[in-house]
Amino acid sequence: MTKEEIVLIISDKLRLIRTEAGYTQDKMANIIGLSKKTLVQIEKGRVMAGWTVVIAICALFKDSETLTTSLGGEPLEIIETIAREGIDYRKEKTLGGKVWWKDVKKNDEYILQQNLFSQHFRILDFEDYRIYSSFDENNAHKRFDELTGK
């Protein structure tokens, strides 16, 4: 999934995200820092949301069912993966991939998983903390092998 694809998805789903939250266009525009006119243009498909608006929506509405099902899990994780492509970092504890993930490789210390919707990869440590994310399959396998000493 690319930045452009996420912008397209969020732009397309913005009206649903807003109505799911129970907000008027005025309220939603104020919350995400847009004019009502711009919000209406996005909802009608005349313009796309900007990257910063997409980040704001993913952060402020991360529990939105529309957003979660559209992106295949945790919206902020997908945004962070794109923004930090290929960089190791220990982030928040995950649920271990019980819903949106398939296990690709596993050992006693690490697990390499792939998201069923966005297709991005992540490496979790043995406590289910995400330490690496990438859309590049080869880099994900390479990093997993480096971490496991293979």
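1. A good place to start reading this predicted model is Gly45, which comes just after helix H3 and takes a positive phi of about 80°. Helix H3 itself spans residues 36–43, and within H3 the residues Leu39, Val40, Ile42 and Glu43 are buried. These four residues cover an arc of only 160° around the axis, which puts them on the same side of H3. As for what lies over the buried residues of H3, the cover includes helix H1 (3–21) and helix H2 (25–32).

2. The helices are also where the largest nonpolar core should be looked for, since the elements that give two or more residues to this core are H1, H2, H3, helix H4 (51–60), helix H5 (65–71) and H6. This core has 22 residues, and those with the most contacts inside it are Ile10, Ile32, Val54, Ile57 and Leu67. Its largest share, five residues, comes from H1. As background, nonpolar side chains tend to be buried together in soluble globular proteins.

3. Which residues does Val54 contact, leaving aside its neighbours within four places in sequence? They are Ile6, Val7, Ile10, Ala49 and Ile79. A second, separate core of eight residues also exists, and Tyr110, Leu112, Ile123 and Ile131 are among its members.

4. Turning to the strands, four of them form an open sheet in the order S1-S2-S3-S4, with antiparallel pairing. Strand S1 (101–106) and strand S4 (130–134) are the edge strands, each pairing on one side only. From one strand to the next, the twist averages 25°. Although S4 stands at an edge, it is mostly covered, for five of its five residues are buried.

5. The pairing can be followed strand by strand. Strand S2 (residues 110–115) and strand S3 (residues 121–125) run antiparallel and are joined by five bridges, and in this pair Ile111 stands opposite Leu124 in S3. S3 and S4 also run antiparallel, joined by four bridges, and here the bridge partner of Leu124 is Arg130 in S4. Leu124 can therefore be traced in both directions, to Ile111 and to Arg130. Between S3 and S4 there are four residues, the two strands forming a hairpin, and Asp128 in the turn has a positive phi of about 70°.

6. Two helices should be viewed together with the sheet. H6 packs on the sheet and touches S1, S3 and S4, and the direction of H6 makes about 65° with that of S4. Helix H7 (residues 137–148) lies across S1, S2, S3 and S4, and H7 runs at about 170° to S2.

7. Is Glu80, a residue of helix H6 (residues 75–83), buried or exposed? Its relative accessible area is 16%, and because the cut-off for a buried residue is under 20%, Glu80 counts as buried. The side chains of Glu80 and Arg130 are joined by a polar contact of 3.2 Å, and Arg130 is the residue already met as the bridge partner of Leu124. Glu80 and Ser133 are 53 residues apart in sequence, yet they are 8.3 Å apart in space, C-alpha to C-alpha.

Key:
Residues numbered from 1 in each chain as written. Heavy atoms only, no water. Buried < 20%, exposed > 50% of the residue type's maximum accessible area, 1.4 Å probe, protein only. Arc of directions from axis to C-beta. Contact = heavy atoms within 4.5 Å. Polar contact = N/O pair within 3.5 Å; in protein donor to acceptor, adjacent residues only side chain to side chain. Pairing = 2+ DSSP bridges. Axes fitted to C-alpha atoms, helices over the stretch in contact; angles between N-to-C directions. Core = buried A, V, L, I, M, F, W, Y, C linked by side-chain atoms within 4.5 Å.
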